[in-house]
Amino acid sequence: MKILLVEDDARLSRSLARLLEQDRHNVEVAADGETGLDIALGENGIDVVILDIGLPDLSGIEVAKRIRRERRELAILMLTARDTVGDRVTGLDSGADDYVVKPFSYDELAARLRALARRVESAARRPEPRLTAGPISLDEASRTVTVHDRPVDLSPREFSLLESLLRHPGQALSRDQLLDQAWPFGVAVTPNAVDAYVHYLRTKLGSEGERIETVRGIGYRLNGA
Ligand code: CA
């Protein structure tokens, strides 16, 4: 595989690159987010990006989001130093396919890479799952949304809310149902949060935001026609 390694720790980067090359991978190296992004978005046949979350300029999260926006077929394996649920969720929400927590062994990384390689191959053969309503299109695999083929930048919560609505077109969903489907477990929120996020979502979807109809006394319904 052709691998782009974005890591600012020079020692780790050197030894990883050496081990990956011993495994017959073709490796390109970047020490900061901007350089990594330039390489990832260029025409160079990269299959997988190994992306450190803590970089000196752009964070790995930001780099992952931008890669996802333009090159959704690239697999991203994130390296995170902090093993917290929040970090993992943020990493995966930003578009990473998988993550490895530092410190990790090379064998662990290599195993994740093999799993990713299998996924990249099977995804290439299978059409990507998409949810649509008129010109709104949501791609669950890359976690991207477009309206008339133009990308819309949504927060993870807005994305999940839209996903829930798109899964049940024409159906009135209560605020509680939406909270159950689109919010993480164990987070204390009031049903009013749904109203706030519907408002953000409508604004970001522009004129297509009108598809999210208010159902008095119940909640919301997406007009999918
Ligand atoms: Ca780092």
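Which spacing do the donors of the calcium ion follow along the chain? The legends below describe close-up views of a predicted model, beginning with that site.

**View 1. The calcium ion and its protein donors.** Along the chain, the donors follow the spacing D-x43-D-x1-G. The protein donors are D8 (OD), D52 (OD) and G54 (O), which lie 2.1 to 2.3 Å from the calcium ion. D8 belongs to the loop between β1 (2-6) and α1, and G54 to the loop between β3 (48-52) and α3 (60-70), so this pair ties together parts that are 46 residues apart in sequence. D8 is partly exposed, its relative accessible area being 35%. G54 is likewise partly exposed, with a value of 37%.

**View 2. Helix α1 and its two ends.** Helix α1 comprises 13 residues, 10-22. From its first C-alpha to its last, α1 reaches 18 Å, close to the 18 Å expected at 1.5 Å a residue. At the N-terminal end, D9 acts as a cap, with a side-chain oxygen 3.1 Å from the backbone nitrogen of R11. After α1 comes R24, whose phi is positive, near 65°.

**View 3. The buried and exposed faces of α1.** The buried residues of this helix are S13, L16, A17 and L20. Seen down the axis of α1, these buried residues fall within an arc of 100°, so they line one face of the helix. An α-helix has 3.6 residues a turn, so residues three or four places apart point the same way. The face of α1 turned away from the buried side carries the exposed residues R11, R14 and Q22.

**View 4. The largest nonpolar core.** This core has 26 residues, of which V145, L161, L162, L165, L201 and I212 touch the most other members. Two or more residues come from each of the strands β6 (130-133), β7 (136-139), β8 (144-147) and β12 (219-222), and from each of the helices α6 (156-167), α7 (175-182) and α8 (192-204). Helix α6 supplies the largest share, five residues.

**View 5. The surroundings of L162, and a second core.** When neighbours within four places in sequence are left aside, L162 is in contact with I136, L138, V145, L154, L201 and L205. Separate from the largest core is a second one of 22 residues, including V6, I61, L74 and V101. In soluble globular proteins, nonpolar side chains tend to be buried together.

Conventions
Residues are numbered from 1 along each chain as its sequence is written. This is a predicted model: local features need pLDDT of at least 70, side-chain atom pairs count only at pLDDT 80 or more; totals for chains, interfaces and linings use all residues. Side-chain values use heavy atoms; hydrogens and water are left out. Helices (H or I, at least four residues) and strands (E, at least two) are DSSP runs, numbered from the N terminus. The expected span of a helix is 1.5 Å times one less than its number of residues. Buried means under 20% relative accessible area, exposed over 50%, partly exposed in between (1.4 Å probe, protein chains only). The arc is that of the directions from the helix axis to the C-beta atoms. A polar contact is a pair of N or O atoms within 3.5 Å; within protein, one must be able to donate a hydrogen and the other to accept it, and residues adjacent in sequence count only if both atoms are side-chain atoms. A nonpolar core is a set of buried Ala, Val, Leu, Ile, Met, Phe, Trp, Tyr and Cys residues joined through side-chain atoms within 4.5 Å. Contact means heavy atoms within 4.5 Å. Donors are N, O and S atoms within 2.8 Å of the metal (3.2 Å for Na, K and Ca); water is not among the atoms, so sites may look incomplete.
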